[in-house]
Amino acid sequence: MTNKLKYFVGNWKMYGNFSSLRIINQIHRFCSRFKKNGIKDKIILCVPSTLIYFFTTKIKSKFISIGAQNCHYQRSGAFTGSVSASMLKKSGAKYVILGHSENRSEGDTNQVIKKKIESALDQKLYVIFCIGETINEKKKGKTFSVIRKQMKDSIDKKYNLKSIIIAYEPIWSIGTGNIPKVQELKKSFRFIKNEFKKNFKTKTFPVVLYGGSVNDGNIRAFSSISEIDGFLIGGASQSSKKFIDIIKNYYK
Ligand code: PGA
């Protein structure tokens, strides 16, 4: 159930500009020193679409991959302001976050997200698929039924499941500083991994990340949970120091 390779994924949200290249350079320098100790992590930075091409052409890092944060489900068409999976791929993105609660709150349903996942997989992008419950759903004891439905409604067993990474992000935890208890997290991660394997009839467990208020101070609490394969980091990923300290402290 445990994946040896740990993922540290940054979600820059609507922040960053060309000079943020400095952040990526600093993370790259850290990785080249750190990796000598034999730790094989995956570092992925999901940046605004306007920066993907610039970063992927400026940075040739074997440690860092660049991803996007959303896409439209059509390949092209009259969709003002939208960007397709094929456009992201051509810009150099390798990953795309889909189903983030901030996009769900703007109208992305499980069905829309399913179409987005299909278009991203079609383009051979890796999908970081976000699931998670609201505080009310948690209080009503509905966490498992909500995340089960999110997975069932947006994933089909005929997909290339190896290209799908799940990010469990309780909505009440995003940007609030509140994180679930260790025991709760263990249960949720076991549930997600078992459900995925059972529903989609896979031989192996999926990679599942935790997201929601991860920072350099609380990361140690997560290191004891072997079921967690990595982290989706929002606010703290916009600073190279904070992002690097998260990785350092995770292994302390
Ligand atoms: P946060 O965001 O780390 O700032 O809570 C996580 C996310 O939205 O993916």
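Student: How many disulfides does the count come to here?
Tutor: In this predicted model, the count comes to zero disulfides.

Student: Why is Cys46 not bonded to Cys130?
Tutor: The closest cysteine sulfur to that of Cys46 belongs to Cys130, and at 9.0 Å it is too far for a bond. The cut-off for a disulfide is a pair of cysteine sulfur atoms within 2.5 Å.

Student: And what about Cys71, how far away is the nearest cysteine sulfur?
Tutor: For Cys71, the nearest cysteine sulfur is that of Cys46, 12 Å away, and Cys71 is in no disulfide.

Student: Is Cys46 buried or exposed?
Tutor: Cys46 is buried, with a relative accessible area of 0%. Cys71 is also buried, with a value of 5%.

Student: Changing topic: which residues are around the ligand?
Tutor: Among them are Asn11, Lys13, His100, Glu169, Ile174 and Gly175, and also Gly212, Ser213, Leu232 and Ile233. By class, this shell has three nonpolar, seven polar and two charged residues.

Student: Which atom of Glu169 lies 2.7 Å from an oxygen atom of the ligand?
Tutor: That is a polar side-chain atom of Glu169. Asn11 likewise has a polar side-chain atom by a ligand oxygen, at 3.4 Å.

Student: What part of Gly235 is 2.9 Å from an oxygen atom of the ligand?
Tutor: For Gly235, a polar backbone atom is at that distance from the ligand oxygen.

Student: How much of the ligand's accessible area does the protein cover?
Tutor: On its own the ligand has 280 Å² of accessible area, and the protein covers 95% of that.

Conventions. Residues are numbered from 1 along each chain as its sequence is written. This is a predicted model: local features need pLDDT of at least 70, side-chain atom pairs count only at pLDDT 80 or more; totals for chains, interfaces and linings use all residues. Side-chain values use heavy atoms; hydrogens and water are left out. A residue is near a molecule or strand if one of its heavy atoms lies within 4 Å of it. A polar contact is a pair of N or O atoms within 3.5 Å; within protein, one must be able to donate a hydrogen and the other to accept it, and residues adjacent in sequence count only if both atoms are side-chain atoms. Accessible areas come from the Shrake-Rupley method with a 1.4 Å probe; for residues, only the protein chains shown count as cover. Ala, Val, Leu, Ile, Met, Phe, Trp, Tyr, Cys and Pro count as nonpolar, Asp, Glu, Lys and Arg as charged, and the others, Gly among them, as polar. Buried means under 20% relative accessible area, exposed over 50%, partly exposed in between (1.4 Å probe, protein chains only).
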